[in-house]
Amino acid sequence: MSDDGERSTPGKGLVQGLAVTLKTMTQRSTTQQYPDVEPELPPRSRGVIALLEENCTVCMLCARECPDWCIYIDSHKEEVVVPGAARARQRNVLDRFDIDFSLCMYCGICIEVCPFDALHWTPEFEYAETDVLDLLHDKNRLGDWMRTVPPPPAHDVLGEPSKEEATAARKAAGPGAATAAKTARAAVRPPAANPEQER
Ligand code: SF4
Ligand code: SF4
């Protein structure tokens with residue numbers, strides 16, 4: 001008897017199950033002949049993570065946010081002498097950046113949180129190993145994957161320019177351009193409603 005109290009026909013479930021089996025048996029097989037034939041994956045597939053080392057500032061955000069704690073980062077500080085500056089500046093130098101793909105669950109959080117676009121997905125998936133320890137990719141191997149990162153999608157031609165593009169365009173137009181644009185905007189703006197004038 002079902003939950004709502006209706007008595008079901010005996011054997012109905014069995015017939016329904018067999019119908020699904022028969023339908024599947026008569027459908028055309030869609031087996032892909034991998035590895036003889038390469039699968040056609042979407043360009044944004046989550047295969048492996050690539051590191052653009054020069055963009056990494058060792059902010060540690062990715063390692064802190066990774067739910068599996070499978071990103072290992074070591075660094076040291078280096079003094080940079082800037083001509084004219086009162087004191088030498090300090091910068092982080094990356095010594096170690098490893099991702100353990102035997103623990104990674106491909107959630108993509110590290111890539112999302114990186115503020116400097118240092119981490120990228122690539123569709124490459126052929127990095128299976130016979131030893132699980134070899135799934136720990138160091139910064140050289142992660143950097144090597146960068147050659148397989150697909151180019152970013154083209155900008156929407158109808159979209160608004162980014163903040164950086166707008167600032168660069170303002171700077172290129174010269175110092176008087178911002179004032180002229182403000183004056184032009186003020187000229188086309190309708191006067192604010194003044195309740196005193198309306199009376
Ligand atoms: S994809 Fe997720 S689990 Fe894998 S390294 Fe990044 S944050 Fe960690
Ligand atoms: S979040 Fe980005 S910049 Fe920060 S440590 Fe990770 S990869 Fe480097």
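In which sense do β1 and strand β4 pair, and over how many bridges? The first legend answers this, and the other legends show further parts of this predicted model.

**View 1. Strand β1 and its partner β4.** Strand β4, residues 119-122, pairs with β1 in the antiparallel sense, and 4 bridges join the two. A50 of β1 has H120 as its bridge partner in β4. Strand β1 spans residues 48-51, and both of its faces are covered. On one side V48 and A50 are buried, and on the other side I49 and L51 are buried.

**View 2. The surroundings of ligand 1.** There are 13 residues around ligand 1. Those that come nearest are C66, C104, C107, I109 and C110. By class, the shell around ligand 1 holds 11 nonpolar residues, 1 polar residue and 1 charged residue.

**View 3. The surroundings of ligand 2.** The residues around ligand 2 include C56, T57, V58, C59, M60, L61 and C62. I73, C114, F116, A118 and L119 are also around ligand 2. This shell consists of 11 nonpolar residues and 1 polar residue, with no charged residues.

**View 4. The cis peptide bond before P35.** Y34 and P35 are joined by a cis peptide bond, with omega at about 10°. P35 belongs to the loop that runs between α1 (12-26) and β1.

**View 5. W69 in the loop between α2 and β2.** W69 is not a glycine, yet its phi is positive, at about 55°. The loop that holds W69 lies between α2 (61-65) and β2 (71-80). Is W69 buried or exposed? W69 counts as exposed because it has 10 C-beta neighbours inside 10 Å, and a residue with 12 or fewer is classed as exposed.

**View 6. Y106 in the loop between β3 and α3.** Y106 is a residue other than glycine with a positive phi, near 60°. Y106 sits in the loop between β3 (89-100) and α3 (109-113). With 12 other C-beta atoms within 10 Å, Y106 is exposed.

**View 7. Confidence along the chain and the stretch 192-199.** The protein chain has an average pLDDT of 86, and 84% of the residues score at least 70. Over residues 192-199, however, the pLDDT is below 50. Beyond near neighbours in sequence, the stretch 192-199 has 0 contacts in the model. Predicted coordinates should not be read in detail where pLDDT is low.

Methods
Residues numbered from 1 in each chain as written. Chains lettered and ligands numbered in written order. Predicted model: local features only at pLDDT ≥ 70, side-chain atom pairs only at ≥ 80, totals over all residues. pLDDT = per-residue confidence, 0-100. Contact = placed C-beta atoms within 7 Å. Near = placed C-beta within 6 Å. Nonpolar A, V, L, I, M, F, W, Y, C, P; charged D, E, K, R; others polar. Buried ≥ 20, exposed ≤ 12 C-beta atoms within 10 Å, placed from the backbone. Pairing = 2+ DSSP bridges.
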